[in-house]
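Please open the model in your viewer and keep the selection tool at hand. The stops below are to be visited in order.

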Amino acid sequence: MKNNLLISCSIGSFVLVSCTSGQKGKSDLVLPQKPNVIFIVADDLGYGDLGCYGATRVQTPHVDSLAASGIRFTDAHAVAATSTPSRYSLFTGHYSWRRNDTGIAPGDAGMIIRPEQTTIADMFKQAGYMTGAIGKWHLGLGDTTGSQDWNGTVIPGPREIGFDYSYLMAATGDRVPCVWMENQSVANYDPSAPIYVSYSTPFPGEPLGREHPEMLTKLRPSPNQGHSDAIVNGISRIGYMKGGGKALWQDENIADTIAAKAVQFIRQADKPFFLYVGTNDVHVPRYPHERFRDKSGMGYRGDAIMQFDWTVGQIIQALKEKDILEETLVILTSDNGPVLDDGYMDQAVELVGDHKPWGRFRGGKYSIFEAGTRIPFIVSWPAQIKPAVSGALVSHIDLFTSMATLVGEELSPNTAIDSQDHLAAFLGTDTIGREYVIEAASSLSITDGEWKYITPNNYPSYYEYTQIESGNSTEEQLYHLSEDIGEQNNVASKYPEKVAELKALLKQETAKGYMLE
Ligand code: NG6
Ligand code: CA
């Protein structure tokens with residue numbers, strides 16, 4: 001551990017930091033003050049999709065070099081197996097399954113995190129940081145569902161929950177409105193084409209994917225999986241939309257836009273910053289820029305992985321150019337596990353070959369099996385951490401409190417109630433991490449790293465269209481992960497005391513509030 005570190009802060013001047021004033025974590029960490037913090041959250045990127053996690057058919061050199069200079073976690077978990085609940089928990093330190101309104105949000109959802117709830121961005125702001133959110137949002141905007149006026153400023157939004165700057169897609173690439181929201185107003189707004197959005201009624205005269213397949217010049221939806229409503233720039237989406245004009249995004253430029261805005265934010269930051277970058281890659285509709293299209297040999301999904309890697313490279317390059325890479329804590333992860341056919345005919349299934357997006361794990365996106373929520377997780381902070389591979393059991397849920405420890409903020413008892421301080425694990429000095437992790441899909445699971453218990457329910461065990469094993473069962477399930485990482489053998493009846501132990505731990509948590517259906 002270094003004493004009296006000479007660090008360069010983000011304004012490029014040098015400050016002498018006495019480390020005795022640093023914050024104490026679980027392992028008595030002595031830290032320099034206020035590194036920049038960037039969360040790069042990929043969408044639907046699986047554990048096995050990156051070179052550093054074993055992928056060989058797609059190259060991810062920028063992510064791999066970030067991993068080589070930092071800590072690559074092998075037992076890291078998102079809170080939920082889809083985007084909205086996963087991101088909700090990441091930003092709030094509150095388990096999304098305690099609320100019944102954190103499922104996959106439509107594009108006209110009201111903001112799920114209410115202004116009175118303290119978020120990780122509020123915490124960073126309180127600590128003197130400049131804060132930004134760029135890319136995928138999917139947490140709702142405005143007061144109530146369907147009430148937004150997309151031709152004005154939509155409030156509440158990221159500003160009301162702690163983000164000084166935002167440049168976001170409201171929901172997902174496959175949901176209207178297909179425009180960027182900059183500081184809660186449509187970017188490049190086109191007054192000649194006012195924007196209207198509906199999730200119930202088509203707009204007369206606006207072409208729909210199901211009626212005009214000839215207009216689907218970029219991608220076609222998979223049969224029976226929706227995505228056949230409004231056509232925007234050659235791709236049909238979920239939901240109806242009218243207008244937008246020159247503000248409408250072109251899917252092939254989405255990654256470039258996100259990278260450019262992230263780089264601009266980094267360049268302009270004149271004090272320590274917290275930046276959330278949610279990429280659209282590798283979510284559907286996958287239509288990467290022509291620099292990447294047809295380059296991976298695995299179809300657009302593989303190309304989107306390459307494009308994601310490029311985005312990471314752009315961010316790292318901007319940090320290098322500003323000479324702040326050393327003092328910047330970068331966390332790279334995914335919101336949930338992988339899916340091949342998620343609604344568009346992009347040949348992800350046909351061309352996947354022996355590539356294993358889910359790694360050694362069973363299931364995928366939407367699943368309570370490991371592949372649903374066990375995600376890539378890389379932490380880089382060259383000035384402070386030693387390169388390593390860590391098997392510590394960690395979860396997105398703990399980032400809030402751990403980041404608060406990092407920047408020396410006290411949290412009130414009502415803030416981030418489910419979030420624990422595991423900064424030492426995130427920085428590599430604690431190799432154990434959490435006692436247990438809770439994951440959510442249609443059911444809940446709890447794992448101590450060695451054993452995993454899944455609660456029973458009546459939902460389908462297999463999702464036909466996405467071809468994913470959901471992990472749902474009417475039976476209780478127990479897997480001995482340390483011997484059976486692929487969750488093949490349900491040993492619940494063989495180890496009733498283990499079932500009882502994990503159930504009791506889970507009950508302790510759900511007793512504090514449990515709303516998942
Ligand atoms: C599902 C969509 C899927 C994707 C997902 C959200 C259908 C049939 N499927 O409902 O395409 O958009 O929602 O993904 O509509 S997430 O990663 O943002 O949670
Ligand atoms: Ca996702």
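Begin at ligand 1 and select D342: in this predicted model, a polar backbone atom of D342 lies 2.7 Å from an oxygen atom of the ligand. Before adding further residues, consider how much of the ligand the protein covers: of the 450 Å² of accessible area that ligand 1 has on its own, 82% is covered.

**The shell around ligand 1**

Next, display the 20 residues around ligand 1; those that come nearest are K136, D174, R175, D342 and K365. Colouring this shell by class gives eight charged, eight polar and four nonpolar residues.

Two side chains of this group merit individual selection. Select K136, where an N or O atom of the side chain is 2.8 Å from an oxygen atom of ligand 1. Then select R175, which places a polar side-chain atom 2.8 Å from an oxygen atom of the ligand.

**D342 in its surroundings**

Return to D342 and show the backbone on either side. Which elements flank the loop that holds D342? The loop runs between β15 (328–334) and α6 (348–351).

Is D342 buried or exposed? Its relative accessible area is 6%, and a residue is classed as buried under 20%; D342 is therefore buried.

Now add Y366 to the selection. The side chains of D342 and Y366 make a polar contact of 2.7 Å. To complete the view, select the residues in contact with D342, leaving aside its neighbours within four places in sequence: D44, Q225, H227, H283, V284, K365, Y366 and T466. K365, also listed there, is one of the residues that come nearest to ligand 1.

**A second stop: D190**

Move the view to D190, in the loop between β9 (185–186) and β10 (196–198). With a relative accessible area of 12%, D190 is likewise classed as buried, because the value is under 20%.

What does the side chain of D190 contact? Select S192: a polar contact of 2.6 Å joins its side chain to that of D190. Then show the backbone of K246, whose nitrogen lies 3.0 Å from a polar atom of the D190 side chain.

Finally, extend the selection around K246. Apart from neighbours within four places in sequence, D190 is in contact with G244, G245, K246 and A247. As a last step, mark the C-alpha atoms of D190 and A247: the two residues are 57 residues apart along the chain, yet these atoms are separated by 6.1 Å.

Technical notes. Residues are numbered from 1 along each chain as its sequence is written. Chains are lettered from A and ligands numbered from 1 in the order in which they are written. This is a predicted model: local features need pLDDT of at least 70, side-chain atom pairs count only at pLDDT 80 or more; totals for chains, interfaces and linings use all residues. Side-chain values use heavy atoms; hydrogens and water are left out. A residue is near a molecule or strand if one of its heavy atoms lies within 4 Å of it. A polar contact is a pair of N or O atoms within 3.5 Å; within protein, one must be able to donate a hydrogen and the other to accept it, and residues adjacent in sequence count only if both atoms are side-chain atoms. Accessible areas come from the Shrake-Rupley method with a 1.4 Å probe; for residues, only the protein chains shown count as cover. Ala, Val, Leu, Ile, Met, Phe, Trp, Tyr, Cys and Pro count as nonpolar, Asp, Glu, Lys and Arg as charged, and the others, Gly among them, as polar. Helices (H or I, at least four residues) and strands (E, at least two) are DSSP runs, numbered from the N terminus. Buried means under 20% relative accessible area, exposed over 50%, partly exposed in between (1.4 Å probe, protein chains only). Contact means heavy atoms within 4.5 Å.
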